[in-house]
Amino acid sequence: MKRQTCFSEVHSIMDRSKVKLQKHNTEAHGIKYKNGLHCAARILQNEGVRGLYRGATSSFIGVSFESSLLFGIYSQTKQSLQGSLKSSGPDSLVIIPSAAYSGAIISFILCPTELLKCRMQVQGTDSLIPKSSRYNGPLDCAVKTVRTEGVTGIFRGGVATLMRESIGNAVFFSVYENVRHFMHLKLKAASQEYKNLTDVGIGIVTGGLGGVAFWLAVLPLDVAKTVIQTNPDPGSTRNPFRVLHSIYKRTGIRGCYAGLGPTILRAFPANAAAIVSWEFAMKVLGIRHK
């Protein structure tokens, strides 16, 4: 439990640093952060320890629903598409649509929770957000957003979120399934005595690599989503490609990958833990991983 709590705390710090980097380092004005460590240090200096966890509540809620739904929908869709087909290895024609579909479904849960999280996280001493547009907490943020932008306002950035999750999870599960298959082939001669340990090791490697591949593929879409969701102007564009075009004109390719450092640092352990937990749950439930 202590290790899980510690991991959640580190995840929250890295996530806030990522969002602040994406907001500040893509704007024309305001303070620019050198890297994730500089960003975290500024937050700690100006807002104290509590500032490092701003927006964590809505983030934990979204992650909890996402993890259970994502793997559940992916497993069921993959099983339905496979049918009675017997394949000697991972089938991209099954994996990609299953992953993209599951990603699209969870985007409808992630979009509102991430909007609340991001709007809370960009507040603070260095914030470019006017004081009149700031929030006391996630509930206050939700109420004010609906009041000023309507119910659809809570789904601002929905297109970017849907694209990020669909494409990202297609990449994630493709890497996971193919690396897992390759590693099992190479390690099939491992002693039965160490099988459980081998499975955990494979889960860590495949989950970690899948998570890194996910973010390398779709981080620009995540940057666009953050900018769209944290813009205080209700009439600003919600087109992720227009947003990325304007970011590229101001800051180049580096701006499109703002927050890469903290994102990759958390991606490997977070996704490794998710895969190991998922595979363990399937083993306990007697579900065979095809």
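**View 1. Helix α7 is largely enclosed by the rest of the structure.** Of the 36 residues of α7, 26 are buried, which means that the helix is largely enclosed. The model shown is predicted. Helix α7 spans residues 195–230. At Val-218 the helix bends by about 60°. A proline, Pro-220, follows within four residues of that bend.

**View 2. Gly-201 sits in helix α7.** Gly-201 has a relative accessibility of 29%, so this residue counts as partly exposed, not buried; the cut-off for buried is under 20%. Met-183 is 18 residues from Gly-201 in sequence. In space, the C-alpha atoms of Gly-201 and Met-183 are 9.9 Å apart.

**View 3. The largest nonpolar core has 28 residues.** Phe-173 and Trp-278 have the most contacts inside this core. Six helices each supply at least two of its residues: α3 (56–82), α4 (92–121), α6 (158–186), α7, α8 (240–251) and α10 (260–285). Helix α7 gives the most, with ten residues.

**View 4. Surroundings of Phe-173.** Neighbours within four places in sequence are left aside here. Phe-173 is then in contact with Leu-70, Phe-71 and Tyr-74. Ile-95 and Ala-99 also contact Phe-173. Trp-278 completes the list of contacts, and Trp-278 shares with Phe-173 the top place for contacts inside the largest core.

**View 5. A second core is separate from the largest one.** This core has seven residues. Among them are Leu-116, Met-120, Cys-141 and Ile-154.

Conventions. Residues are numbered from 1 along each chain as its sequence is written. This is a predicted model: local features need pLDDT of at least 70, side-chain atom pairs count only at pLDDT 80 or more; totals for chains, interfaces and linings use all residues. Side-chain values use heavy atoms; hydrogens and water are left out. The bend at a residue is the angle between axes fitted to the seven residues ending there and the seven starting there. Buried means under 20% relative accessible area, exposed over 50%, partly exposed in between (1.4 Å probe, protein chains only). A nonpolar core is a set of buried Ala, Val, Leu, Ile, Met, Phe, Trp, Tyr and Cys residues joined through side-chain atoms within 4.5 Å. Contact means heavy atoms within 4.5 Å.
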